[in-house]
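Got your viewer open and a selection box ready? Let's walk through this one stop at a time, picking a piece and seeing what sits there.

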Protein chains: 2
Amino acid sequence: MACRGILVGSAARNTWLSGDRDIDIFLAVPEDGDITAALEIAREIAPEHEERYAEHAYVHARIDGFDVDLVPCYDVSDPSRIKSAVDRTPFHSRYVSERIKGMEDDVLLLKQFMKGVGVYGSDLRTGGFSGYLAELLVIHYGSFLRVLEGASSWRPGTRIDLAQGADISGPLVVIDPVDPNRNVAAALTLDRMFQFVAAARCFLNSPDISFFFPPEVQRMHPDEIRAEIARRGTEFVLLEISAPDMVDDVLYPQMRKAEAAVRGLLEREGFQVLRSDVDLVRGGDVRARLLLELSIWELPSVRRHTGPPVWEAEHASRFVRGNPSPLSGPYIDDGRLVVEIPRRYRRAVDLLKGEIHRISLGKHLSSGRVRALSTREIIEMMDEDLAEFLTAYLTKKVRIC
Amino acid sequence: MACRGILVGSAARNTWLSGDRDIDIFLAVPEDGDITAALEIAREIAPEHEERYAEHAYVHARIDGFDVDLVPCYDVSDPSRIKSAVDRTPFHSRYVSERIKGMEDDVLLLKQFMKGVGVYGSDLRTGGFSGYLAELLVIHYGSFLRVLEGASSWRPGTRIDLAQGADISGPLVVIDPVDPNRNVAAALTLDRMFQFVAAARCFLNSPDISFFFPPEVQRMHPDEIRAEIARRGTEFVLLEISAPDMVDDVLYPQMRKAEAAVRGLLEREGFQVLRSDVDLVRGGDVRARLLLELSIWELPSVRRHTGPPVWEAEHASRFVRGNPSPLSGPYIDDGRLVVEIPRRYRRAVDLLKGEIHRISLGKHLSSGRVRALSTREIIEMMDEDLAEFLTAYLTKKVRIC
């Protein structure tokens with residue numbers, strides 16, 4: 001059966017960053033062909049392989065130190081006829097190849113700059129720029145420096161039409177010239193977008209090699225971490241949730257949802273979160289980690305509970321009957337009934353231990369076992385992963401000038 | 001010189017509550033006469049007197065155990081021609097006298113009910129119902145019980161026109177039949193209005209003598225107060241501000257303003273006030289007392305400081321230069337720059353001690369000496385006034401069912 005091999009990705013167009021080890025080869029069958037035949041061929045090419053799944057199965061193999069993906073796809077005549085997202089990739093590859101000549105170094109500079117300032121990668125963990133997006137920006141603006149100059153005046157909703165595009169909204173909208181209904185920057189978050197903008201302005205102002213190759217962040221020693229936490233005077237809670245072994249792009253969005261749900265629970269009960277972050281620990285059991293830094297983690301026994309306005313007679317009576325022996329009240333404040341009643345959870349960590357199972361943590365995390373650790377316990381059980389996570393948390397900083 | 005004596009107030013119309021000791025006698029001079037002549041006559045009537053001031057001077061004397069006010073006024077032909085607020089009183093007196101026959105007991109019941117449930121008095125400290133307002137309500141509704149029935153369905157903005165009245169707004173609007181541009185209930189606050197409404201519903205539901213004569217609140221012993229505060233788990237701060245010897249109607253509104261300003265200062269800095277109240281101590285030096293009960297009174301060393309959006313390049317640069325060495329950051333959250341910086345005041349009481357002089361406490365309090373006492377100091381210096389104030393605070397409760 002006929003099957004055409006196509007080299008795609010940065011390797012195909014000389015925009016491959018030194019150190020990259022990924023080679024993508026697509027195996028295209030005719031539009032009405034049998035894609036399983038292409039998978040068979042992939043298996044034969046690389047007898048020692050691992051099968052992975054995106055929309056369809058593909059073959060991943062390590063060959064001579066490179067990570068090679070052999071991806072079956074349909075060889076459609078026009079991108080509007082694609083059957084699966086991967087069918088679009090050969091068209092991207094062709095679009096860029098035809099226009100990038102002479103600007104390959106600009107793409108390399110831009111990608112390495114994005115990597116250096118922490119915004120490279122359109123995976124859902126990073127929420128940054130894809131390689132294809134970097135290429136399109138160079139094609140649109142004409143050079144690495146012109147991309148930075150252009151980005152300096154980006155605002156939320158900035159739109160770049162490389163083709164007559166659909167009405168799409170997002171922090172940045174770059175219409176895919178190969179498929180005008182698609183935003184190439186769909187995965188880019190507002191904050192990553194402006195992390196890039198800030199760095200771009202900074203670089204234009206005072207260029208420096210460290211934008212491309214920043215000094216490595218040294219993992220802090222547990223004693224340093226303890227001292228830094230003491231200096232902040234806050235309380236930390238770490239939630240560790242066991243998770244199934246799924247890819248980052250599945251787990252990260254759920255971890256972010258869980259983070260928002262936990263913050264909501266804490267804030268509804270009167271606690272206050274200064275900042276929070278998530279991390280995923282692989283190696284052995286997969287565990288999602290939610291780190292919460294609290295500026296208010298302990299509250300008095302009494303809390304205010306506001307009821308209906310007095311003129312809603314029925315509601316008011318029900319409220320009074322429902323709170324038969326308050327610590328103070330009922331009294332009237334701004335027309336509404338108020339009682340002061342005992343609080344169920346005085347400490348944030350107790351609230352989390354007691355109520356975490358009542359909130360939705362997302363499909364794959366809700367069934368996981370949950371541990372809630374206090375600041376003291378975090379410091380006691382500090383492993384390398386946690387020290388790295390806390391180092392990144394405590395030294396969080398973007399380049400801006 | 002001619003001067004007509006007029007007995008006004010409840011004594012003039014048989015609506016005088018047992019125990020009241022106030023007699024108001026107005027001394028009316030002709031519209032073009034000399035009001036100082038009336039003051040001279042008042043001085044002669046009561047040689048042992050004290051001169052007091054409202055819009056004009058008047059004479060106050062204690063005669064046979066009664067508090068007698070001798071008030072000079074102008075005998076105008078029509079209430080639209082009054083020269084001073086007191087000139088209106090004889091018209092009120094006449095209006096009520098002509099209509100109240102046979103309903104005097106209803107007025108007495110209503111006034112005593114209002115007293116018993118804590119809403120009687122149109123002074124600015126109480127913010128409740130005046131005697132004249134009680135009389136008008138009886139005239140309008142027809143009896144004590146019908147007033148309670150009517151009040152049961154009051155809503156904010158309820159309007160009672162005893163004459164074609166002006167367009168006035170307020171929690172309750174009762175047009176003065178003697179002066180249709182005036183709201184007789186102007187001093188009534190929303191909360192006092194609905195304290196009355198709640199009690200009225202309660203009484204109709206289950207009438208009881210205790211509405212008229214509630215059991216006296218026993219002043220709590222300092223040990224009980226200490227125990228109750230411990231049970232609530234909150235922190236109290238008492239601000240004591242020396243004040244000039246002026247009437248309640250001047251000082252109370254300023255104390256309420258000072259209370260709001262202090263709460264604003266605390267909340268802007270991240271602390272949280274559960275409830276607060278004010279009290280005025282006379283006897284010796286006059287002191288305004290602001291009691292603040294805090295549900296959040298201590299905060300961590302670090303605080304979040306949010307700056308402009310990154311796309312406002314000029315503002316963003318200025319913000320970064322203005323915060324050169326934060327504990328964390330700058331980083332981007334929802335498009336805005338954030339730094340985490342040290343907090344100036346970690347304790348609410350320190351904030352108050354350090355910054356109280358920077359906020360406006362009102363005309364007569366701003367120049368006063370201020371002391372800020374913590375819970376411990378409040379309990380140590382507890383005098384009878386303070387024990388009474390704290391008792392009222394801790395047992396605050398309105399009748400509602």
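In what sense do strand β7 (residues 172-176) of chain A and β8(A) pair, and over how many bridges? Select both: they pair in the antiparallel sense, over two bridges. Keep in mind throughout that you're looking at a predicted model. On β7, click I175(A), which stands opposite N183(A) in β8(A).

**Widen to the sheet.** Add β6, and you have an open sheet of three strands in chain A, ordered β6-β7-β8, with mixed pairing. β6 (158-161) and β8 (179-183) are the edge strands, each pairing on one side only. Ignoring direction, neighbouring strands in this sheet are turned against each other by 20 degrees on average. As background, strands of a sheet pair through backbone hydrogen bonds, either parallel or antiparallel.

**Just past β8.** Now pick A187(A), in the loop between β8 and α6 of chain A. Is A187(A) buried or exposed? Neither, quite: A187(A) has 19 C-beta neighbours inside 10 Å, so it counts as partly exposed; the buried class begins at 20. Leaving aside neighbours within four places in sequence, A187(A) is in contact with S122(A), L124(A) and G127(A). Try a distance label to G170(A) too: the C-alpha atoms are 9.3 Å apart, with the two positions 17 residues apart in sequence numbering terms.

**Zoom out to chain A.** Show the whole chain as a cartoon: there are twelve helices and 15 strands. The C-alpha atoms fill a box of roughly 80 × 50 × 45 Å along the principal axes. Of the 401 residues in chain A, 38% are buried. Among chain A contacts with a separation of 6 or more, 62% are between residues 24 or more positions apart.

Colour by domain next. The assignment for chain A gives domain 1 (4-86), domain 2 (104-211), domain 3 (222-299 + 346-394) and domain 4 (302-342). Note that domain 3 is written as two segments. The centres of domain 3 and domain 4 of chain A, taken over C-alpha atoms, are 35 Å apart.

**Where the chains meet.** Bring chain B back and select the contact residues: 43 in chain A touch 44 in chain B. On the chain A side, α6 (190-205), α7 (222-232), β11 (287-296), β12 (302-309), α9 (313-322) and β13 (328-333) each supply at least two residues. Helix α6(A) gives the most, with seven. By type, the chain A side divides into 24 nonpolar, nine polar and ten charged residues.

**The cores.** Which residues have the most contacts inside the largest nonpolar core? They are V237(A), A348(A), V237(B) and A348(B), in a core of 69 residues. Centre on V237(A): beyond residues up to four places away in sequence, it touches L292(A), L294(A), A348(A), V349(A), L352(A), A372(A), L373(A) and S374(A). Apart from that core lies another, of 48 residues, with I332(A), V119(B), V138(B) and A185(B) among them.

**Follow V138(B).** This residue is one of the buried ones in α4(B), so select the helix, residues 131-141 of chain B: eight of its eleven residues are buried, so it is largely enclosed by the rest of the structure. The buried residues pack against α2 (89-97), α3 (104-116), α5 (144-152) and β7 (172-176) of chain B. After α4(B) comes G142(B), with a positive phi near 105 degrees.

**A hairpin in chain B.** Select 272-281 and 286-296: these are β10 and β11 of chain B, antiparallel and joined by nine bridges. One partner pair to label is R275(B) with E293(B). Four residues separate the two strands of the hairpin, and in the turn G283(B) has a positive phi of about 65 degrees.

**Last stop: backbone oddities.** Most residues other than glycine have a negative phi, and most peptide bonds are trans. Check omega between G329(A) and P330(A): the bond is cis, at about 5 degrees. P330(A) sits in strand β13 of chain A. In chain B, G329(B) and P330(B) are also joined by a cis bond, with omega about 0 degrees.

Then step along to D334(A), in the loop between β13 and β14 (336-342) of chain A. Its phi is positive, near 55 degrees, and D334(A) is exposed, with 11 other C-beta atoms within 10 Å. Finish on D334(B), where phi is likewise near 55 degrees.

Notes:
Residues numbered from 1 in each chain as written. Chains lettered and ligands numbered in written order. Predicted model: local features only at pLDDT ≥ 70, side-chain atom pairs only at ≥ 80, totals over all residues. Pairing = 2+ DSSP bridges. Contact = placed C-beta atoms within 7 Å. Nonpolar A, V, L, I, M, F, W, Y, C, P; charged D, E, K, R; others polar. Buried ≥ 20, exposed ≤ 12 C-beta atoms within 10 Å, placed from the backbone. Domains from an automatic or database assignment. Core = buried A, V, L, I, M, F, W, Y, C linked by C-beta atoms within 7 Å. Axes fitted to C-alpha atoms, helices over the stretch in contact; angles between N-to-C directions.
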